[in-house]
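Biologist: Could you take me through one part of this model slowly, as if I were new to reading structures? I'd like to know how the helices there pack and what sits around them.

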Amino acid sequence: MTAHGHATGPARHERPELDDLALTAARAADKLVAAARERGAARWLAYFEPLPDLLRDAPIVDLRRICMRARAAYGPKDSIRDVLPETVTEPLLDGIDRLLKGIAKREMAGG
């Protein structure tokens, strides 16, 4: 932790496998945001609009939180799947899940 209480960890370039997974998820998020904009899904647009940039730029220590926020939109009662086609919802979900698995794998390996 820094003096200001911010979590620290490896830089993204030090974990290229996680950076690549995050960038893949960001590209899928870009497509979902564009689809939400096209459909006029204002609520989901507001929810997802920050996601691509966060996935591209956030420190590794923040990626799990960002992923969990995105994954929460795939709920059983209120889901992005109810508004947008699976051609944009499922690639994002897959990208997020792959990133979460990569994070877990990295943590299990001690880094």
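Modeller: Sure, let's start with a pair of helices: α4 and α5 cross in a left-handed way. Keep in mind that this is a predicted model. The axes of α4 and α5 are 10 Å apart, and the angle between them is about 150°. If you want to find the meeting place on screen, look on the α4 side for Leu 63, Arg 64, Cys 67, Met 68, Ala 70 and Arg 71. Facing them from α5 are Leu 93, Ile 96, Asp 97, Leu 99, Leu 100, Ile 103, Ala 104 and Glu 107. Sort the residues of this contact by class and you get 10 nonpolar and four charged, with no polar ones.

Now follow the chain between these two helices. α4 covers residues 60-71 and α5 covers 86-108, and Ser 79 sits in the loop that links them. Is Ser 79 buried or exposed? Its relative accessibility is 5%, and the cut-off for buried is under 20%, so Ser 79 counts as buried. What does it touch, once you skip the neighbours within four places in sequence? The answer is Trp 44, Ala 73 and Tyr 74. There's also a polar partner to look for: a polar atom of the Ser 79 side chain lies 3.0 Å from the backbone nitrogen of Arg 81.

Back to α5, as it has another helix to deal with. Helix α1, residues 16-39, has an axis that comes within 8 Å of the α5 axis, and the two cross at roughly 160°. Angles over 145 degrees count as roughly antiparallel, so that is what α1 is to α5. This crossing is left-handed. On the α1 side, the residues making the contact include Leu 18, Leu 21, Ala 25, Lys 31 and Leu 32. From α5 come, among them, Val 88, Pro 91, Gly 95, Arg 98 and Gly 102. By class, the contact of α1 with α5 has 14 nonpolar, three polar and four charged residues. You can spot Ile 96, Leu 99 and Ile 103 of α5 among the residues that meet α1, and they also turn up in the contact with α4.

One last stop, in the segment before α1: that's where you'll find His 13. Its relative accessible area is 66%, and exposed means over 50%, so His 13 is exposed. For a sense of distance, try Ala 72: it is 59 residues from His 13 in sequence, and their C-alpha atoms are 28 Å apart in space.

How values were computed:
Residues are numbered from 1 along each chain as its sequence is written. This is a predicted model: local features need pLDDT of at least 70, side-chain atom pairs count only at pLDDT 80 or more; totals for chains, interfaces and linings use all residues. Side-chain values use heavy atoms; hydrogens and water are left out. Helices (H or I, at least four residues) and strands (E, at least two) are DSSP runs, numbered from the N terminus. Buried means under 20% relative accessible area, exposed over 50%, partly exposed in between (1.4 Å probe, protein chains only). A polar contact is a pair of N or O atoms within 3.5 Å; within protein, one must be able to donate a hydrogen and the other to accept it, and residues adjacent in sequence count only if both atoms are side-chain atoms. Contact means heavy atoms within 4.5 Å. Axes are lines fitted to C-alpha atoms, for helices over the stretch in contact, and angles run from 0 to 180 degrees between N-to-C directions. Angles under 35 degrees count as roughly parallel, over 145 as roughly antiparallel, 65 to 115 as roughly perpendicular and the rest as oblique. A crossing is left-handed if the near helix is turned anticlockwise from the far one by less than a right angle, and right-handed if clockwise. Ala, Val, Leu, Ile, Met, Phe, Trp, Tyr, Cys and Pro count as nonpolar, Asp, Glu, Lys and Arg as charged, and the others, Gly among them, as polar.
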